[in-house]
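Reader: I would like to go through this structure with you and ask how its descriptions are justified. Could you show it first?

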Amino acid sequence: MSIEPRRAPRRGEPDPDLADVRAAQRDRAAFGALYRRYLDRVYGYCFYLLGDHHDAEDVTERTFVAALAAIDGYRDEGATFRAWLFRIAHNQLANALRSRQRQRAASLDTIPELPTHADPAGLFGLAEEARSLRRALGRLPDDRRQVVVLRFVDGLSAREIGAVLGRSEGAVRVLQHRALRQLAALLASGGPGSTV
Amino acid sequence: MTTRPTTAERLDRAVDAVLAGASAPGAAASAGLNPADRALVEAAATLRATLATSLVAPRFEARLGARLSGVGGTPWILRHPGRLIVTGAVGSAVGVGVTAYAVWRSRSTHRLLHR
């Protein structure tokens with residue numbers, strides 16, 4: 001199943017999640033819509049940073065439980081709901097990484113293979129490409145990897161990523177530029193073992 | 001005077017276009033990127049195609065969903081206090097009835113034994 005990244009709202013546009021957030025603030029049962037919308041993305045963020053499914057499940061669970069507990073305190077004051085949610089995920093991730101003293105994702109190769117309903121030849125090429133890309137991703141410094149995952153898995157804008165990571169929009173763009181340059185060089189050199 | 005966008009800003013625009021479904025060459029050209037930077041947009045398109053895959057186990061999704069509805073929701077009985085009173089009253093009546101029956105049974109057994 002593919003996650004279609006939700007388009008980031010442009011500057012000045014209302015947060016598309018706001019109606020669901022208001023509903024969840026009135027009735028917690030309405031949080032289910034936000035949970036279903038963001039489970040894949042939060043999980044993807046955790047998994048690509050932790051490199052382990054069990055750890056990713058643990059941090060995802062903590063993130064949603066914390067978000068539900070704090071939903072009444074969310075105010076639409078600049079940051080979108082999803083930037084707020086990913087900020088919670090980011091803090092939970094930082095706690096997990098600190099407590100487990102895990103510096104780098106070591107098992108990104110264990111990501112499940114792509115669905116098998118596509119054509120086999122194209123699928124083989126795509127799976128190979130995905131494997132080498134995941135290895136290359138594992139070679140990025142943490143801050144660049146976070147930007148890549150938040151941008152390409154979660155579909156956040158540079159502004160939203162800045163809100164999540166506590167950096168300026170410009171700094172996020174520079175990190176994205178460096179990450180893509182490093183990834184392109186790793187892929188062009190035929191493997192992530194080379195240094196960039 | 002307008003300032004020319006930096007390479008990082010132009011690349012970000014191209015990434016926006018790629019995430020919206022544009023082809024890598026088209027996104028790079030419309031963002032005004034140098035040919036040397038177009039490989040970065042190709043890398044962005046590859047990322048979009050390969051990373052955006054759902055990884056969540058259905059069992060985990062169901063379990064967490066159930067936990068969240070438990071955390072956020074009020075137990076059913078507390079949402080209907082009237083029903084709580086009725087349930088309590090019925091429970092008490094049944095308890096009184098069972099006790100009265102037990103007392104009556106023990107007395108009649110006792111009487112039969114001492115007749």
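Author: Happily; what follows takes the terms one by one, and please keep in mind that this is a predicted model.

Reader: Let's start with the two chains. How many residues does each chain give to the contact?

Author: Chain A gives 41 residues and chain B gives 31 residues. On the side of chain A that touches chain B, α2 (31-50), α3 (53-70), α5 (120-138), α6 (142-152) and α8 (169-188) each supply at least two residues. The largest share, nine residues, belongs to α8(A). By residue type, that side of chain A divides into 27 nonpolar, five polar and nine charged.

Reader: How do you know that the span of α8(A) agrees with its number of residues?

Author: We set the expected value against the model. With 20 residues at 1.5 Å a residue, α8(A) should span 28 Å, and its end C-alpha atoms are 28 Å apart, so the two agree. Buried residues of this helix include A:Val172, A:Arg173, A:His177, A:Leu180 and A:Leu186.

Reader: What makes α8(A) and α1(B) parallel or perpendicular to each other?

Author: The angle decides. α8(A) packs against α1 (residues 7-19) of chain B at about 75°, with the axes 9 Å apart. Angles of 65 to 115 degrees count as roughly perpendicular, and therefore α8(A) and α1(B) are described that way.

Reader: Which residues meet there, in α8(A) and in α1(B)?

Author: From α8(A) come A:Arg173, A:Val174, A:Gln176, A:His177 and A:Leu180, and they meet B:Thr7, B:Ala8, B:Glu9, B:Leu11, B:Asp12 and B:Val15 of α1(B). The residues of this contact divide into five nonpolar, three polar and three charged.

Reader: Why is α7(A) called largely enclosed?

Author: A residue is buried if 20 or more other C-beta atoms lie within 10 Å of its own. Six of the eight residues of α7(A), which covers residues 158-165, are buried, so the rest of the structure largely encloses this helix. The six are A:Ala158, A:Glu160, A:Ile161, A:Gly162, A:Ala163 and A:Val164.

Reader: And what covers the buried residues of α7(A)?

Author: The cover includes α4 (81-100), α6 and α8 of chain A, together with α1 of chain B. After α7(A) comes A:Gly166, with a positive phi near 70°.

Reader: Why is A:Arg139 called partly exposed?

Author: It comes down to a count. A:Arg139 has 19 other C-beta atoms within 10 Å. Buried needs 20 or more and exposed needs 12 or fewer, so A:Arg139 with its 19 is partly exposed. A:Arg139 sits in the loop between α5 and α6 of chain A.

Reader: Which residues of the largest nonpolar core touch the most other members?

Author: This core has 69 residues, and those touching the most other members are A:Tyr45, A:Cys46, B:Ala14, B:Val18, B:Val41 and B:Ala44. The largest share of the core, 13 residues, comes from α2(A). Take B:Ala14: leaving aside neighbours within four places in sequence, B:Ala14 is in contact with B:Ala27, B:Ala28, B:Ala31, B:Leu33 and B:Val41.

Reader: Finally, how many helices and strands does chain B have?

Author: Chain B has six helices and zero strands, which read along the sequence as α-α-α-α-α-α. Buried residues make up 22% of its 115 residues. Among contacts in chain B between residues at least 6 apart in sequence, 27% join residues at least 24 apart.

Methods
Residues numbered from 1 in each chain as written. Chains lettered and ligands numbered in written order. Predicted model: local features only at pLDDT ≥ 70, side-chain atom pairs only at ≥ 80, totals over all residues. Contact = placed C-beta atoms within 7 Å. Helix = DSSP H or I, 4+ residues; strand = E, 2+ residues; numbered from the N terminus. Nonpolar A, V, L, I, M, F, W, Y, C, P; charged D, E, K, R; others polar. Core = buried A, V, L, I, M, F, W, Y, C linked by C-beta atoms within 7 Å. Expected span 1.5 Å × (residues − 1). Axes fitted to C-alpha atoms, helices over the stretch in contact; angles between N-to-C directions. Parallel < 35°, antiparallel > 145°, perpendicular 65-115°, else oblique.
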